[in-house]
Amino acid sequence: NVDKSFRRGIELGTKIFLVKKANQSIILHANAAFSANKIQQTQASWIDYATYEVVDSNFTNVDIAYSPNQVGATGLEYTYLSPIRNGKSHLIKILYYHKWVGQQYLDNTQDKTRMINAYHFGELTTAYTFKWKQNRSITLRLQALNVLNNYYVNNGYTWGYFYGDRNLVQEVFVFPSAPRNFMGGISLNF
């Protein structure tokens, strides 16, 4: 919805085997993305509720709303696969990821009063799979989200207007993330 904008960046990722054996592994995962997400020129229109006039503001080279310039994650994964006996095997996976999201703006004005601060959180996933035939298995999965029980905001919205002596009134509403929570699941493959 803007005439001139761009997104430029680089994403880096790696996977390093700390332990790699026939039936088990420990893997370190890491990735990061660095970007510039800019609107070269845009205009915001405000209503002055005292006079009902439209007041325009011009903005140049501002960050695109909801576009953090940095995101990253690190993770540690443990996998164990039992030897196959009588066509049956067991697979155990434990994965911890810690994710980081940089600051982002709620609108296209790049105003720090309408911004979501950088935040981080952890996720722990455990899975157990029992395979009894070539294409038949059951997987039990348990996931803990926001493991460290961090308080952070990950979404929101804003709107504004002028009133009286052209004082800008800016409404900002944010949605806090859920505290530590759990999710489970069962998958059947036939």
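A charge sits over a ring if NZ of Lys or CZ of Arg is within 6 Å of the ring centre and within 35 degrees of the ring normal. By that rule K99 lies over the face of Y97, at 5.9 Å from the ring centre. The structure is a predicted model, in which local features need pLDDT of at least 70 and side-chain atom pairs count only at pLDDT 80 or more, while totals for chains, interfaces and linings use all residues. Residues are numbered from 1 along each chain as its sequence is written, and side-chain values use heavy atoms, with hydrogens and water left out.

**Aromatic rings**

- The charged end of K20 also sits over a ring, that of F17, at 4.7 Å from its centre.
- Rings of Phe, Tyr and Trp (its six-membered ring) pair if their centres lie within 6.5 Å, and planes under 30 degrees apart count as stacked, over 60 as edge-to-face and the rest as tilted; by this rule there are seven aromatic pairs.
- The rings of Y119 and Y152 are stacked, because their centres are 4.7 Å apart and their planes stand at 10 degrees.
- This pair links distant parts of the chain, 33 residues apart, with Y119 in strand 8 (residues 119–133) and Y152 in the loop between strand 9 (136–145) and strand 10 (153–163); strands (E, at least two residues) are DSSP runs, numbered from the N terminus.
- Y119 is buried, with a relative accessible area of 11%, and Y152 counts as buried at 10%, where buried means under 20% relative accessible area, exposed over 50% and partly exposed in between (1.4 Å probe, protein chains only).
- Ring pairs join Y119, F121 and Y152 into a cluster.

**Salt bridges**

- Side chains of opposite charge can pair when their charged atoms come close.
- The structure holds five salt bridges, each being a side-chain nitrogen of Lys or Arg within 4 Å of a carboxyl oxygen of Asp or Glu.
- One of them is formed by the side chains of K38 and D63, at 2.7 Å from N to O.
- Because K38 lies in strand 2 and D63 in strand 3, this pair ties together parts that are 25 residues apart in sequence; both K38 and D63 are buried.
- R114 forms a salt bridge with D107, the closest N and O atoms being 2.8 Å apart, and another with D111, for which that distance is 3.3 Å, and D107, D111 and R114 are thus linked in a network.
- Within this network R114 is buried at 3% relative accessible area and D107 is buried at 13%, whereas D111 counts as partly exposed at 25%.

**Nonpolar surface patch**

- A nonpolar patch of about 1000 Å² on the surface is made by I47, Y49, Y52, V54, Y66, Y157, W159, Y163, F173 and F175.
- Such a patch is made of residues with over 30% relative accessible area and no salt bridge, with nonpolar side chains (Val, Leu, Ile, Met, Phe, Trp, Tyr) joined within 5 Å; accessible areas come from the Shrake-Rupley method with a 1.4 Å probe.
- Strand 10 and strand 11 (167–176) are the elements that give two or more residues to the patch, and strand 10 gives the most, with three residues.
- Y52 lies in the loop between strand 2 (24–48) and strand 3 (53–63), and Y52 counts as exposed at 62% relative accessibility.

**Around S187**

- S187 lies in strand 12 (residues 181–189) and is partly exposed, with a relative accessible area of 28%.
- Leaving aside residues up to four places away in sequence, S187 touches S137, I138, T139 and R141, where contact means heavy atoms within 4.5 Å.

Key:
Helices (H or I, at least four residues) and strands (E, at least two) are DSSP runs, numbered from the N terminus. Patches are made of residues with over 30% relative accessible area and no salt bridge: like charges are joined within 9 Å, nonpolar side chains (Val, Leu, Ile, Met, Phe, Trp, Tyr) within 5 Å.
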